[in-house]
Amino acid sequence: MQYTKCWLDWKEIPKEQKRKCYYRPVLLACGPVAATAGEEYCISMGEMLGREISLLEMADGCEPAVFLEVDGAMQTGARNEALAEQTFAIREEGDSIRITGRSEEALLQGVFAFTRMVSLAQLDEKLPFQCIPSMPLRMMDHWDDMDGSIERGYSGRSFFYDNYEILYNERTEMYVRLMASIGVNAIVINNVNVHERETYLITDAYLAQVKKYADLFARYGIRLFMCVNFAAPMQLGNIPVSDPLDPDVIAWWQDAVKHVYEVIPEFGGFLVKADSEGRPGPITYGRTQADGANMLARALAPYGGILIWRCFVYNCRQDWRDYKTDRARAAYDHFIELDGEFDDNVILQIKNGPMDFQVREPVSPLFGGLKRTNMMIELQIAQEYTGQQIDLCYLIPMWKEILSFDTYACGEGTPVEQVVSGRSYAQVNCGMAAVINTGDDENWTGNDLAGANLYGFGRLAMDPSLTAEEIASEWCRLNLSQSDEVAKVVVPMLMGSWATYENYSSPLGIGWMVSPPTHYGPDVDGFEYDRWGTYHRSDLHGIGVDRTDAGTGYVNQYNEPWRSIYGKMDTCPEELLLFFHHVPYTYVLKTGKTLIQHIYDTHFEGVEEVEEMQRQWASLEGKIPDRAFRCVSERFERQLANAIEWRDRINTYFYRKCGIGDEKGRKIY
Ligand code: GCV
């Protein structure tokens with residue numbers, strides 16, 4: 001089985017950077033995670049020093065050493081105990097270095113941070129260093145199914161399952177090391193769409209094997225979560241209903257959860273997709289989402305378990321003729337009234353936007369609406385609608401924009417980051433989750449460059465103040481080459497790639513013009529006359545969905561000033577113009593261009609930008625590992641073909657709708 005080590009593929013550092021203390025790690029803490037910290041130090045530093053390193057029992061005399069220690073009384077300045085526990089510090093003491101964690105888990109994070117700094121030659125500039133993670137929970141959501149497929153997976157098959165068996169091998173260990181090294185502390189091991197066989201994951205059919213994962217995860221400070229089927233009492237318990245207020249249903253879940261904790265005492269909890277896209281849920285019984293979530297949360301509470309409930313609840317059987325029902329409204333409409341009704345161990349997991357991970361969407365208004373409910377943001381590292389890891393789309397700039405969006409929930413200065421990190425409402429059950437983009441491809445992520453999104457998610461969840469460039473540069477140096485010359489090509493390429501993807505795909509926030517079965521490649525009307533609630537409403541005069549008062553009223557879900565800003569065409573940020581308004585093709589944008597000319601121009605530019613990225617990438621031949629070079633070169637070829645297809649289909653479609661030609665006379669079909 002072939003797999004790369006991604007950012008844990010340490011290279012020997014130059015001689016002048018090798019400090020004496022590096023060779024003498026002294027582990028002053030005990031416990032399983034502290035032992036992992038010691039092992040990880042030895043692996044990484046051994047590779048960077050070019051010789052085997054082992055832990056010392058004690059420091060002898062005045063020889064410099066690197067001390068790995070846990071100090072439960074360490075002063076951290078963290079805003080709550082949960083985050084204090086996750087805090088670590090790295091400091092020099094004479095010629096020695098101390099890596100101190102407030103807990104074993106924090107020590108492990110300290111070791112990963114230290115080795116990264118050594119590899120990037122950042123120690124002089126960064127020490128003394130303290131890290132209080134921003135997000136209490138930093139979670140990866142796998143959409144892996146037990147047959148071995150991955151829903152919306154673009155990097156091969158699952159490395160967790162094959163043919164309804166749970167796999168466990170060296171790759172599993174490498175995966176967990178990679179996740180821990182970027183700060184991930186929670187992993188959901190199965191798809192939110194829990195099918196027939198996966199329903200048995202919480203039973204003895206699979207629990208013993210799940211426990212092996214949980215034990216491995218725990219050694220790396222990661223808690224294991226599972227998705228459950230809300231109708232499990234019917235499927236597994238022969239109970240005629242799964243009504244959350246039914247005593248038999250409640251008792252069934254209590255027993256099931258009790259047994260899970262008997263086998264896996266460190267189990268994290270459940271993630272649930274209910275009443276969504278055909279999944280069962282409380283609505284069937286006239287119960288609320290809070291009834292459903294609390295019932296499960298109460299079963300988990302005695303064991304310290306957490307219940308994560310998704311807000312991706314909407315009607316997927318809409319009528320395209322209906323201009324009033326608006327899928328964008330659904331999450332807010334379902335959940336806002338329930339604010340304050342969820343138990344303390346419930347977290348609502350909210351997709352970043354109101355629709356579904358499009359290349360451009362406004363931020364979900366729920367982040368500014370809920371005030372007495374634990375919240376977690378759900379991002380998608382898997383590039384379902386953003387190029388499927390064929391096309392390059394570095395998502396960190398998008399996520400930074402989302403996290404810094406001011407919700408005005410507690411007046412000006414309440415960004416999403418503050419809300420989901422728990423700072424706004426003093427919460428501890430909150431954080432960031434993301435649908436992961438891994439599979440069993442040799443490079444884990446299909447396109448090597450898609451690894452930057454995986455790496456970046458973890459880094460951002462630990463420290464949202466990192467810039468997208470910093471993350472890109474770290475990733476590039478750790479994965480491709482330490483040379484400035486390579487970073488000078490790769491970092492700008494990553495940084496511009498989201499805008500490029502947006503340029504050649506659907507314009508100004510409208511989204512969805514993708515091929516319905518695959519969600520890759522253009523099909524302008526693919527979803528237009530369908531049931532999914534995803535329409536662009538183009539006609540001969542204009543394009544866009546009116547979500548103002550006169551339209552669906554979605555705009556009213558935002559706090560002021562957004563409600564007013566989004567509500568008027570001339571103040572609405574233009575990148576979201578078509579999300580909020582139905583706009584004539586002749587409308588003049590701030591650039592002085594008409595809407596139709598903007599569409600033509602961006603689509604021609606998008607293709608030119610891909611051609612330029614391809615040229616830039618070609619210049620790296622021989623300067624980065626050949627395997628990565630060839631992999632990405634092949635992806636760029638496919639991206640270019642895709643971009644051309646998008647350009648020509650979009651431009652032709654709108655030209656045929658409105659009959660207005662391109663001012664520059666370029667070829668439109
Ligand atoms: C896991 C979109 C995706 C589905 C996904 C769903 C969700 O609709 O296309 O594959 O299902 O989102 O987030 O639940």
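Which residues does Ala-34 touch, not counting residues up to four places away in sequence?

**Exercise 1. Place Ala-34 in the predicted model and list its contacts.**

The model is predicted, and the solution begins with the secondary structure. Ala-34 belongs to helix α1, which covers residues 32-49. The next step is its accessibility: the value is 0%, and because buried means under 20% relative accessible area, Ala-34 counts as buried. Once residues up to four places away in sequence are set aside, Ala-34 touches Leu-27, Ala-29, Glu-104 and Leu-107. As a last step, take the C-alpha atoms of Ala-34 and Ser-481, which are separated by 31 Å and belong to residues 447 apart along the chain.

**Exercise 2. Describe the surroundings of the ligand, starting with its shell and ending with its buried area.**

The shell consists of 14 residues, of which Glu-151, Lys-273, Arg-310, Lys-351 and Glu-384 come nearest to the ligand. Sorted by character, the shell residues divide into eight charged, three polar and three nonpolar. The polar contacts can then be taken one by one. Lys-273 places a polar side-chain atom 2.6 Å from an oxygen atom of the ligand, the side chain of Glu-277 has an N or O atom 2.8 Å from a ligand oxygen, and for the side chain of Arg-152 the corresponding distance is 2.9 Å. Taken alone, the ligand exposes 340 Å², and 96% of that is buried by the protein.

**Exercise 3. Explain which parts of the chain are tied together by the salt bridges Glu-69 with Arg-98 and Asp-448 with Arg-627.**

A general point comes first: side chains of opposite charge can pair when their charged atoms come close. The structure holds 41 salt bridges, and in the one between Glu-69 and Arg-98 the closest N and O atoms are 2.6 Å apart. Because Glu-69 lies in strand β2 (residues 66-70) and Arg-98 in strand β4 (residues 96-101), this pair ties together parts that are 29 residues apart in sequence. Both Glu-69 and Arg-98 are buried.

In the second pair, Asp-448 and Arg-627, the closest N and O atoms are 2.7 Å apart. Asp-448 sits in the loop between β15 (431-435) and α14 (451-462), while Arg-627 is in helix α20 (residues 626-658), so the parts tied together are 179 residues apart in sequence. Asp-448 is buried, at a relative accessible area of 10%, whereas Arg-627, at 26%, counts as partly exposed.

**Exercise 4. Is Lys-664 buried or exposed, and which network does its salt bridge with Asp-601 belong to?**

The salt bridge between Lys-664 and Asp-601 has its closest N and O atoms 3.5 Å apart. Lys-664 is found in the segment after α20 and Asp-601 in helix α19 (residues 595-618), so the pair links parts that are 63 residues apart in sequence. With a relative accessibility of 52%, Lys-664 counts as exposed, whereas Asp-601, at 2%, counts as buried. Through salt bridges that share partners, Lys-593, Asp-601, Asp-662, Lys-664 and Arg-666 are joined into one network.

**Exercise 5. Work out the local setting of Asn-80.**

Asn-80 is located in the loop between β2 and α2 (81-85), and its relative accessible area of 17% makes this residue buried. A polar atom of the Asn-80 side chain lies 3.2 Å from the backbone nitrogen of Ala-82. When neighbours within four places in sequence are left aside, Asn-80 is in contact with Gln-427 and Val-428.

Technical notes. Residues numbered from 1 in each chain as written. Predicted model: local features only at pLDDT ≥ 70, side-chain atom pairs only at ≥ 80, totals over all residues. Heavy atoms only, no water. Near = heavy atom within 4 Å. Polar contact = N/O pair within 3.5 Å; in protein donor to acceptor, adjacent residues only side chain to side chain. Areas by Shrake-Rupley, 256 points an atom, 1.4 Å probe, with all protein chains shown as cover. Nonpolar A, V, L, I, M, F, W, Y, C, P; charged D, E, K, R; others polar. Salt bridge = Lys/Arg side-chain N within 4 Å of Asp/Glu carboxyl O. Helix = DSSP H or I, 4+ residues; strand = E, 2+ residues; numbered from the N terminus. Buried < 20%, exposed > 50% of the residue type's maximum accessible area, 1.4 Å probe, protein only. Contact = heavy atoms within 4.5 Å.
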